[in-house]
Amino acid sequence: MQNNQQVLGTEPIGKLLVKYSLPAIIGMMVNGLYNVVDRIFIGNMPGVGPLAITGLGVTMPIMTIMLAFGMLIGVGTATNISIRLGQGKRDEAEKLLGNAVTLALIVGLTIMVTGLMFGDQILQLFGASPDSLVYAKAYINVVLLGTVFNLIAFIFNSTIRGDGNPKLSATIMVVGCGLNIILDALFIFVFNMGIRGAAFATIIAQCVTAIWGLTYYTKGNSNLKLRKKNLKLDKALVITIAAIGSAPFAMQLAASCVQVISNNALRTHGGDLAIGAMATINSIITMVGMPIIGISQGAQPIIGFNYGCEKFDRAEKTLKLATIAATLGLTIGWVVVQFFPEPIVSMFNRDANLVAISVDGIRKYLSMMPLIGMSMIGANYIQSIGNAKKAMFLSLLRQVLLLVPMMLILPKFLGLNGVWFAQPVADVISCIVTFLVVRKEVLSHRDKTDEAESVA
């Protein structure tokens, strides 16, 4: 397994990026499918109107908060493990893995208890109306029971790739998603469990993926091992995990805040159906955006390892290829969304009014989608080389510093269109700023390389 780590510094970058990104893309697509499949099944349940989709839209900020903590621990751990392995510090990498599991248990239980105790107040704050609250509660109260498994599954999915086994990571996620789809159909249409059935299907699938990952690190042919002694929290390692994971954590937490602001703005200017439309739009964004996150995650261990070995040219080449791939993928998604939105939207609900609002919204909301690649890959590059402060800034830039003010200001002048146009405005500005920050960082690495060569 050690050879799997060493090839990160020797194999051609293009080959490595495909090797690590493809499984990561599959993994992220599968991860995204958990919620998307639930929405498709729920939207097509007999006798259920568009308010069920609105109810799911109200729960999205909570789901995003769960993902935020998964990324805080998972990405922070995986990045640090890659850097430590690049430095030859295997024991410290194993300690990071053990600490990640303990953090997942603590954070998962905290989220579950808080969510169950204050569910009504939280959902109302997040935009639930009396009509949609019943659907939102039925779904999220079940999902919260599986929070610990949700976090552990995400963490292992991230670290198994960094451990040198990206294929297994993807396999585990594909099996989990397949199980979720089967159980969705069984619980909803055979056992008539409704929206709660979709939630139970989700948490059972996540339990299976979490246990599979645990088995890999305890009994499988892994490079790193999960050892009982490493479960005890080490303050220095926790800080290190949080420092690196804080950027994607902040990005997802900000996304949750944006969803709350968006839900309330949509409810004010478009009613419950507008929230349902945004839920549908976010499902489509998930399917378009998850491959880009997969490319980003696939590039992470390559960049981190080579940066740790001071092979800055290889890290830079990974950045370039990943950005090109992400931009190309987003451009293809943009074409599909702009020219064929109605068939895609209709998969989630066939209510004529909801489909009409969703089609109009998605064309405007994703009008600058190809530019997102630079923002996402650039921020990931800064994160992967361990520059936590700059990565935090770039992550907050698009989703907080720009998008939140746009969400608050534009609807006052443009009504519902203000909500739809807030995202593309933020995308343009963040793309430009990220490019300038990354360019400066890359040039500084080139200067270091030139100085080293001149000394030699």
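**Figure 1. Contacts of Thr59 in the predicted model.** Leaving out neighbours within four places in sequence, Thr59 touches Leu123, Ala136, Tyr139 and Ile140. The model shown here and in the other figures is predicted. Thr59 belongs to helix H3, which covers residues 51–86. The relative accessible area of Thr59 is 1%. Because buried means under 20% relative accessible area, Thr59 counts as buried. Two of the contact partners of Thr59, Leu123 and Tyr139, appear again in Figure 3, where they are listed among the residues with the most contacts inside the largest nonpolar core.

**Figure 2. Surroundings of Leu179 in helix H8.** Helix H8 spans residues 166–190, and Leu179 is part of it. Leu179 has a relative accessible area of 26%. Partly exposed residues fall between the limits of 20% and 50%, so Leu179 is partly exposed. When residues up to four places away in sequence are not counted, Leu179 is in contact with Ala205 and Val208. Gln206 is 27 residues from Leu179 along the chain, and the C-alpha atoms of the two are 9.4 Å apart.

**Figure 3. The largest nonpolar core.** This core contains 122 residues. Ile42, Leu123, Tyr139, Phe156, Tyr217 and Tyr381 have the most contacts inside it. Which helix gives the most residues to the core? Helix H11, residues 272–308, does, with 15 residues.

**Figure 4. The whole protein, for orientation of the close-ups.** The protein has 17 helices and 0 strands. Its radius of gyration is 21 Å, and the globule rule gives 23 Å for 456 residues; the two values are close, so the protein is as compact as a globular protein of that length. Along the principal axes, the C-alpha atoms fill a box of roughly 70 × 45 × 35 Å. Of the contacts with a separation of 6 or more, 83% are between residues 24 or more positions apart.

**Figure 5. Burial, surface and charge.** Of the 456 residues in the protein, 58% are buried. The accessible surface of the protein is about 17900 Å², and carbon and sulfur atoms account for 67% of it. The protein carries 34 positive and 23 negative charges, and the mean positions of these two sets lie 5 Å apart.

Terms used:
Residues numbered from 1 in each chain as written. Predicted model: local features only at pLDDT ≥ 70, side-chain atom pairs only at ≥ 80, totals over all residues. Heavy atoms only, no water. Helix = DSSP H or I, 4+ residues; strand = E, 2+ residues; numbered from the N terminus. Rg over C-alpha atoms; globule rule 2.2 N^0.38 Å. Buried < 20%, exposed > 50% of the residue type's maximum accessible area, 1.4 Å probe, protein only. Contact = heavy atoms within 4.5 Å. Areas by Shrake-Rupley, 256 points an atom, 1.4 Å probe, with all protein chains shown as cover. Lys, Arg positive; Asp, Glu negative; His and termini not counted. Charge placed at Lys NZ, Arg CZ, Asp CG, Glu CD. Core = buried A, V, L, I, M, F, W, Y, C linked by side-chain atoms within 4.5 Å.
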